[in-house]
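Open the model in your viewer and keep the sequence panel beside it. The stops below follow one another; select, look, move on.

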Amino acid sequence: MFMDTITLPAKIENLPTVLNFIHNQLNGLNILGNILFQLELAIEEIYVNIARYAYGEGEGEVTITSCIGGNPLQIIIEFRDSGIPFDPLKNEDPDFSIKTEEKEIGGLGIHLIKKNVDYIGYEFHNGENVLTLKRV
């Protein structure tokens, strides 16, 4: 397994750096385009939520670790931040039978992530939010 880590300020403008970090890890692994797209979508959704909400009005960092390898190939991406504790998995999936104008805002992003990865896990450990994605 190949592992690499990046730590950077949790700011929206660092999203391209995050995506480049992941691209560099996956480069040359012969991953299907749709799998790469789904993984990028999930990573973008998680990173943007951390950048927008984890630290409230304050600032902080996010550490992203990728662990890639094995046979069959496994891609594990872990996000760590020391922001406000928040377990996105506790939110119920959106009800698609309700008209759009009657729906509450929120919840669609985590639903999207769940649909695009094989595993998503959350824990609050040593003062950090730890969100883990796995794609096999």
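A residue counts as exposed when its relative accessible area is over 50%, as buried when that area is under 20%, and as partly exposed in between. Asparagine 30 has a relative accessible area of 77%, so it is exposed. Keep those cut-offs in mind for the whole tour. Note too that this is a predicted model.

**The whole chain**

Colour by secondary structure. Three helices and five strands appear. Read from the N terminus, their order is β-α-α-β-β-α-β-β. Now colour by burial. Of the 136 residues in the protein, 40% are buried. Among contacts with a separation of 6 or more, 65% link residues 24 or more positions apart.

**Stop 1: helix H1**

Select residues 15-26. This is H1, with twelve residues. From first C-alpha to last, H1 reaches 17 Å, close to the 16 Å expected at 1.5 Å a residue. Show the side chains next. Which residues of H1 are buried? They are Leu15, Val18, Leu19, Phe21, Ile22, Gln25 and Leu26. Turn the view to look down the axis. The buried residues of H1 fall within an arc of 155°, so they line one face of the helix. The spacing follows a general rule: an α-helix has 3.6 residues a turn, so residues three or four places apart point the same way.

What does that buried set pack against? Add strand S1 (2-9), helix H2 (33-53), strand S2 (61-69) and strand S3 (74-81) to the selection; the buried residues of H1 pack against these four elements.

**Stop 2: the loop after H1**

Step along the chain to glycine 28, which follows H1. Its phi is positive, near 85°. Go on to asparagine 30, in the loop between H1 and H2. Asparagine 30 also has a positive phi, about 60°, although it is not a glycine.

**Stop 3: isoleucine 6**

Select isoleucine 6, in strand S1. Is it buried or exposed? With a relative accessible area of 18%, isoleucine 6 is buried. Leave aside neighbours within four places in sequence and show its contacts: Thr17, Phe21, Val62, Thr63 and Ile64. Phe21 is also one of the buried residues of H1. Draw a C-alpha to C-alpha distance from isoleucine 6 to valine 62. The two are 56 residues apart in sequence and 8.3 Å apart in space.

**Stop 4: helix H2**

Select residues 33-53, which form H2. How far apart are its end C-alpha atoms? They are 30 Å apart, which agrees with the 30 Å that 21 residues should span at 1.5 Å a residue. Show the buried residues of H2: Ile35, Leu39, Ala42, Ile43, Ile46, Tyr47, Val48, Ile50 and Ala51.

**Stop 5: the cis peptide**

Move to the loop between S2 and S3 and select proline 72. A cis peptide bond joins asparagine 71 and proline 72, with omega about 10°.

**Stop 6: leucine 112**

Select leucine 112, in helix H3 (residues 108-116). Its relative accessible area is 34%, so leucine 112 is partly exposed. Now pick glutamate 45. From C-alpha to C-alpha, leucine 112 and glutamate 45 are 8.6 Å apart in space, with their positions 67 residues apart in sequence.

**Stop 7: the S4 to S5 loop**

Select asparagine 126, in the loop between strand S4 (119-125) and S5. Its phi is near 50°, a positive value in a residue other than glycine. Asparagine 126 is exposed, with a relative accessible area of 68%.

**Stop 8: arginine 135**

Select arginine 135, in strand S5 (residues 128-135). At 13% relative accessibility, arginine 135 counts as buried. Which side chain does arginine 135 join through a polar contact? That of glutamine 38, at 2.7 Å. Expand to the surroundings of arginine 135, not counting residues up to four places away in sequence. It touches Ile35, Gln38, Leu39, Leu73, Gln74, Ile75, Asn116, Val117 and Asp118. Ile35 and Leu39 also belong to the buried residues of H2.

**Last stop: the rings**

Select lysine 134 and tyrosine 119. The lysine lies over the face of the tyrosine, at 5.8 Å from the ring centre. How many aromatic pairs does a search of the whole structure find? Zero.

Terms used
Residues numbered from 1 in each chain as written. Predicted model: local features only at pLDDT ≥ 70, side-chain atom pairs only at ≥ 80, totals over all residues. Heavy atoms only, no water. Helix = DSSP H or I, 4+ residues; strand = E, 2+ residues; numbered from the N terminus. Expected span 1.5 Å × (residues − 1). Buried < 20%, exposed > 50% of the residue type's maximum accessible area, 1.4 Å probe, protein only. Arc of directions from axis to C-beta. Contact = heavy atoms within 4.5 Å. Phe/Tyr/Trp six-rings, centres within 6.5 Å; stacked < 30°, edge-to-face > 60°. Lys NZ or Arg CZ within 6 Å of the ring centre and 35° of its normal. Polar contact = N/O pair within 3.5 Å; in protein donor to acceptor, adjacent residues only side chain to side chain.
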